[in-house]
Amino acid sequence: MTKQSQLFRTSQLEEADGPGLNPTGNRTMGDIIAARFSRRGFLKGSMASAAIAATVSPVALLAADEARAQSASVFNFPEVEAGVDADHHVAEGYNADVLLRWGDKVFADAPEFDPTNQSEAAQERQFGYNNDYVGFIPLDGATDRGLLVVNHEYTNEHLMFPGIVTMQNGELEVADATEDRANIEMAAHGGTVIEIRKVDGKWQPVLDAPLNRRITAKTEMQLTGPAAGHDRLKTSEDASGRKVFGTINNCAGGVTPWGTYIMAEENIHGYFIGELPEGHREAANYDRLGVPGGSYQWGNYHKRFDVGAEPNEPNRFGWVVEVDVMDPNSVPKKRTALGRFKHEGAESVVAKDGRVVFYLGDDERFDYVYKFVTAGKYNPDDRAANMDLLDEGTLYVARFDEDGSMEWLPLVHGEGPLTAENGFESQADILIETRRAGDLLGATPMDRPEDIQPNPATGRAYVMLTNNTKREEANAANPRVANAFGHIVEILEADGDFTATTGNWEILLQCGDPSVAEVGATFSTETTKNGWFGMPDNAAIDADGRLWVSTDGNSMGDTGRTDGLWAVDTEGDARGTSRLFYRVPVGAEMCGPCPTEDMTTMFVAVQHPGDGGEDWEGHGRPSYYEDLSTRWPDFRDDMPVRPAVVAITRQGGGRIG
Ligand code: FEO
Ligand code: CA
Ligand code: CA
Ligand code: CA
């Protein structure tokens with residue numbers, strides 16, 4: 001049995017996992033300070049609601065329209081009211097239409113979804129669980145037809161399967177996975193590629209389209225680049241060190257300039273069980289990643305997920321995966337040149353000289369920000385010529401200095417400490433143990449780097465840092481100890497050149513409730529009580545260069561609000577102003593977001609709806625299949641809550657926001 005406290009929830013994973021895995025920094029404590037920052041704590045305290053009135057500026061007290069008129073904001077929409085309930089909510093004047101739900105057909109011949117009788121074979125033909133990254137790849141240059149690419153990060157068994165939960169002393173206990181259930185879980189992971197079309201103003205999936213595809217934890221993949229074929233990637237099943245089955249915990253991702261789909265492998269440690277053989281050479285490597293995490297029981301039925309039986313298998317996960325979506329039979333490639341860690345995502349931009357730069361976050365407390373610069377140049381006229389750009393280039397890790405400058409430190413074998421004396425025999429060793437290489441180079445330990453979004457028009461990139469309640473010692477780029485609400489760092493690359501090895505940085509926002517002085521949030525005074533957010537996770541820059549931020553964890557901290565999508569000004573007088581555009585149902589996390597190039601649609605992913613509800617008065621107890629806090633989006637007694645991708649459009653058409 002698995003207790004509720006051990007359930008695999010990425011939002012809370014860091015809390016469950018202890019103080020972070022970087023052995024080089026300072027940490028521990030923090031929880032006591034963090035408790036001070038919970039909303040419940042504040043409301044009990046003497047500051048209470050009086051503090052809200054006392055610290056809100058006169059400008060914020062003006063009528064919303066008046067405030068907007070004074071603002072130089074690049075956004076103009078009526079804000080959603082923050083809060084918690086069973087449904088989702090979008091700004092007035094917009095439609096939020098459910099496009100694809102867990103279990104929906106991806107192929108015309110897929111079976112109808114029956115949650116009481118799910119099978120691996122059915123799930124392999126249906127939309128997977130816990131949609132996270134969403135990308136849109138137009139077909140033939142059309143604005144109303146393209147491929148939606150969606151990651152399925154992980155599974156919530158207690159919400160997916162009937163009859164597996166018992167309540168013990170107010171806590172959920174989930175039965176261990178049977179072989180059938182483990183195989184369904186594996187089929188619900190991975191990704192989906194599906195053609196969608198806009199018909200009469202509404203997006204819909206095209207089930208008989210030739211490029212539709214499900215990728216799962218069993219799909220055959222190829223390891224490529226400098227670490228491919230290395231002894232440390234060989235297993236009893238794969239003497240080549242180049243052939244691996246499946247991708248797991250695909251969090252955020254990207255779409256490359258040449259139209260391939262990137263899936264980032266993040267919290268891979270949870271999928272492994274067992275014990276390494278005594279004295280095994282990978283012991284320190286796996287400790288640094290928390291392998292084996294033991295959240296899933298797949299290893300009981302597939303020995304490659306048992307490190308005692310197959311000690312090298314974890315080295316074949318934790319990579320960036322590239323999928324050629326134009327060939328539904330293509331073998332996805334794990335691009336080892338981009339390093340191995342808990343990859344959040346891989347958003348990219350074409351630099352001035354034609355090389356392509358990928359920004360990479362390693363989502364763990366006290367871990368690092370990276371970028372990868374391709375050796376070759378992007379050729380906009382020859383797609384095939386770009387298909388292996390990700391196999392050659394330079395991986396850098398970031399050091400943020402106190403004076404507001406920064407340096408990108410190359411992870412190159414033979415340079416500085418990255419030598420055989422420190423256990424790096426080759427570039428492959430550096431890529432397999434990227435975190436340890438970053439430690440030795442003196443990279444800056446960050447507060448959980450998530451999505452990093454470059455703005456091609458300005459030479460800047462926005463780093464989402466979710467939180468780090470274990471931080472005891474601030475540094476300039478992570479200025480708050482016990483950082484419960486996270487922040488956003490803005491990088492300005494030298495001369496606006498994304499390939500630069502130096503740059504400057506600023507804090508765009510310290511997140512959290514600005515009406516509570518102790519939190520230290522820095523939203524502009526025009527930000528309303530709905531407009532502030534905590535725990536920034538994913539981000540998008542739209543075609544007008546505007547920043548959108550989605551969050552992970554607001555509903556977990558008793559903040560009185562769910563996660564959602566916020567529009568954030570980055571320029572001029574309005575810089576640091578945020579407003580709420582869309583919010584998710586209880587228990588959910590907001591993923592995506594993906595604005596289309598013509599800005600008429602914003603795709604968002606509602607992940608793990610109904611996962612929680614203890615703190616919400618509408619439920620007030622644990623949520624599981626038989627007793628759900630919400631049955632979004634169907635609200636049918638015979639249908640469980642379902643993660644889903646939502647298409648947001650303006651009523652009557654037109655540009656968003
Ligand atoms: Fe899957 Fe970093 O969140
Ligand atoms: Ca994330
Ligand atoms: Ca993004
Ligand atoms: Ca997330």
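Here is a quick tour of the salt bridges in this structure, which is a predicted model.

Let's start with the overall tally: searching the whole structure turns up 49 salt bridges. Three of the pairs are set out below.

| Pair | Closest N and O atoms |
|---|---|
| Arginine 583 and aspartate 85 | 3.0 Å |
| Arginine 145 and aspartate 140 | 2.8 Å |
| Aspartate 542 and arginine 546 | 2.8 Å |

Take the pair of arginine 583 and aspartate 85, whose closest N and O atoms sit 3.0 Å apart. This pair ties together distant parts of the chain, with the two positions 498 residues apart in numbering. Arginine 583 belongs to strand β29 (residues 578-583), while aspartate 85 lies in the loop between α6 (64-70) and β2 (89-90). How buried or exposed are the two partners? Arginine 583 has a relative accessible area of 8%, so it counts as buried. Aspartate 85 comes out at 22%, so this residue is partly exposed.

Next up is arginine 145, which bridges to aspartate 140. Arginine 145 has 22% relative accessibility and is therefore partly exposed. Its partner, aspartate 140, reaches 71%, which means that this aspartate is exposed.

Then there's aspartate 542 with arginine 546, another salt-bridged pair. Here both aspartate 542 and arginine 546 are buried.

Salt bridges can also join up into something bigger than a pair. Which residues are linked in a network of salt bridges? They are Arg288, Lys342, Asp362, Glu364, Asp367, Arg435 and Asp439.

Technical notes:
Residues numbered from 1 in each chain as written. Chains lettered and ligands numbered in written order. Predicted model: local features only at pLDDT ≥ 70, side-chain atom pairs only at ≥ 80, totals over all residues. Heavy atoms only, no water. Salt bridge = Lys/Arg side-chain N within 4 Å of Asp/Glu carboxyl O. Helix = DSSP H or I, 4+ residues; strand = E, 2+ residues; numbered from the N terminus. Buried < 20%, exposed > 50% of the residue type's maximum accessible area, 1.4 Å probe, protein only.
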